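The following note sets out numbered points on the structure shown below. Each point takes up one topic and may be read on its own.

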Amino acid sequence: MQTTIRIDSTVRDRLETLKQDGESLGDVVERLTAAYNPFAGLGDVLAHPDVDAAVNADYRASVQTIPGETPR
């Protein structure tokens, strides 16, 4: 999927200075997005069975239930 964004000349000039050999401006934006994504790699961490079990247990403990019912 391709997205088109409009950027002003100041931003474009700054992105131009960040280009590495053979990169387009789109490549620079993708590289910066990946570098500053706070959630990058989170899926890989959560895929570990022990982490998944701990997150699931913590979630279930935090869910309020009606007395006599268990969360699904």
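1. Terms of burial. A residue is called buried at under 20% relative accessible area and exposed at over 50%, with partly exposed in between. By that scale Lys-19, at 32% relative accessibility, is partly exposed because its value falls between the two limits. The model discussed here is a predicted one.

2. Overall fold. The protein chain contains 4 helices and 0 strands. In sequence order the elements read α-α-α-α. Of its 72 residues, 6% count as buried. The area exposed by the protein chain is about 6600 Å², and carbon and sulfur atoms account for 53% of that area.

3. Salt bridge of Lys-19. How many salt bridges does the model hold? The count comes to 2. In one of them the side chain of Lys-19 meets that of Glu-16, with an N to O distance of 3.3 Å. The partner Glu-16 has a relative accessibility of 34% and is therefore partly exposed, as its value lies between the 20% and 50% limits. In general, side chains of opposite charge can pair when their charged atoms come close.

4. Salt bridge of Arg-31. Arg-31 forms a salt bridge with Glu-23, and the closest N and O atoms are 2.9 Å apart. Is Glu-23 buried or exposed? Glu-23 is buried, because its relative accessible area of 15% is under the 20% limit. Arg-31, by contrast, has a relative accessible area of 29% and so counts as partly exposed.

5. Largest pocket. The largest pocket holds about 300 Å³ of space. Its lining consists of 12 residues, and those nearest its centre are Thr-3, Ile-5, Leu-25, Gly-26 and Val-29. Which helices each supply at least two residues of this lining? They are α1, residues 9–18, and α2, residues 25–35. The largest share, 4 residues, comes from α2. Sorted by class, the lining of the largest pocket has 6 nonpolar, 4 polar and 2 charged residues.

6. Nonpolar surface patch. Phe-39, Leu-42, Val-45, Leu-46 and Val-55 make a nonpolar surface patch of about 450 Å². Helix α3, residues 42–46, gives the largest share of this patch, with 3 residues. Leu-42 has its place in that helix, α3. At 39% relative accessibility, Leu-42 is partly exposed, since 39% lies between the 20% and 50% limits.

7. Leu-18 and Leu-32. Leu-18 belongs to helix α1. With a relative accessible area of 28%, Leu-18 is partly exposed, because that value is neither under 20% nor over 50%. What separation is found between the C-alpha atoms of Leu-18 and Leu-32? These atoms are 9.5 Å apart, while the two residues stand 14 residues apart along the chain.

Notes
Residues numbered from 1 in each chain as written. Predicted model: local features only at pLDDT ≥ 70, side-chain atom pairs only at ≥ 80, totals over all residues. Heavy atoms only, no water. Buried < 20%, exposed > 50% of the residue type's maximum accessible area, 1.4 Å probe, protein only. Areas by Shrake-Rupley, 256 points an atom, 1.4 Å probe, with all protein chains shown as cover. 1 Å grid on protein atoms, 1.4 Å probe; cavity = no way out; pocket = protein on both sides within 12 Å on 5 of 7 lines; lining within 4 Å. Points joined across faces, edges and corners; volume = space filled by probe spheres on them. Nonpolar A, V, L, I, M, F, W, Y, C, P; charged D, E, K, R; others polar. Patch = residues over 30% accessible without salt bridge, like charges linked within 9 Å, V, L, I, M, F, W, Y side chains within 5 Å. Salt bridge = Lys/Arg side-chain N within 4 Å of Asp/Glu carboxyl O.
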